[in-house]
Amino acid sequence: MKKIITIAREFGAGGRSVGKEVAKQLDISFYDRDIILKTAEESNLITADEVRVWDEKVPKDAGVAQSLFNFYSRPLSDKIWEAQVEAIRHLADKESCVLVGRNADYILREFDHVFRVFIYAGKEWRVSHMSDRFPEMTRSELEAKTTAVDKARKAYCEKYTGQKYGNASNFDLAINTEKLGFDKAVELILSAAEKV
């Protein structure tokens, strides 16, 4: 039977790293932002550069974004959302996999073989953790980036799903990587996912 694990995460909490390891140990595919990059490019609706600019963000002012509207009068962010929904549902129908981000937990809400995980940690810990990944950034720059990415993900989630970002009732398991670490997070997901 297929097994789909979705991992939503706070920026810097290690959701991507945990997801990659879970996929590796289960010997299943791993997908993150590349899902929509690939779908968008194959569909010729948008370029990879456009996706990178708008990925998991909501335009600050839709009025200013008029130039981004296509001939169907849909904003570019809506096109990305639709491409992402199509790709994620296709993957979930086709194979077992781990999907990180992209609101996959919401997109696959009707699927019964999905295990939904949320990875989080305290902001100070996340900033410290990200300093290894972005050594060229100062601590204050990392703090600002963490705040900005979290804010963008929350707005994106609320706009496209109508749900509150990180709400425990939307997930089967929530893991604090600051307290438990990555190895224990992987172990907990693998153990709990056996029941899916």
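**Exercise 1. Find out how far apart Glu-143 and Arg-139 sit along helix H7, and what links them.**

Step 1. Glu-143 and Arg-139 are four residues apart in helix H7, so about one helical turn separates them. Helices here are DSSP runs of H or I, at least four residues long, numbered from the N terminus.

Step 2. An α-helix has 3.6 residues a turn, so residues three or four places apart point the same way.

Step 3. Glu-143 and Arg-139 form a salt bridge, with their closest N and O atoms 3.7 Å apart. That term asks for a side-chain nitrogen of Lys or Arg within 4 Å of a carboxyl oxygen of Asp or Glu.

Step 4. Glu-143 is partly exposed at 26% relative accessible area, and Arg-139 is partly exposed at 37%. (Buried is under 20%, exposed is over 50%, and partly exposed is in between, with a 1.4 Å probe and protein chains only.)

**A quick note on the model.** This is a predicted model, where local features need pLDDT of at least 70, side-chain atom pairs count only at pLDDT 80 or more, and totals for chains, interfaces and linings use all residues. Residues are numbered from 1 along each chain as its sequence is written, and side-chain values use heavy atoms, leaving out hydrogens and water.

**Exercise 2. Describe helix H7 from end to end.**

Step 1. H7 covers residues 139-161, which is 23 residues.

Step 2. From first C-alpha to last, H7 reaches 32 Å, close to the 33 Å expected at 1.5 Å a residue. (The expected span is 1.5 Å times one less than the number of residues.)

Step 3. Buried residues in H7 include Leu-142, Asp-150 and Tyr-156.

Step 4. After H7 comes Gly-162, with a positive phi near 75°.

**Exercise 3. Work out which residue pairs with Glu-187 in a salt bridge.**

Step 1. Lys-184 is the partner, with the closest N and O atoms 3.0 Å apart.

Step 2. Both Glu-187 and Lys-184 lie in helix H8, three residues apart, about one turn.

Step 3. Glu-187 is partly exposed at 45%, and Lys-184 is partly exposed at 33%.

**Exercise 4. Place Ala-192 and list what it touches.**

Step 1. Ala-192 belongs to helix H8, residues 177-193.

Step 2. Leaving aside residues up to four places away in sequence, Ala-192 touches Phe-115 and Leu-173. (A contact means heavy atoms within 4.5 Å.)

Step 3. Ala-192 and Phe-115 are 77 residues apart in sequence, yet 8.5 Å apart in space, C-alpha to C-alpha.

Definitions and conventions:
Helices (H or I, at least four residues) and strands (E, at least two) are DSSP runs, numbered from the N terminus.
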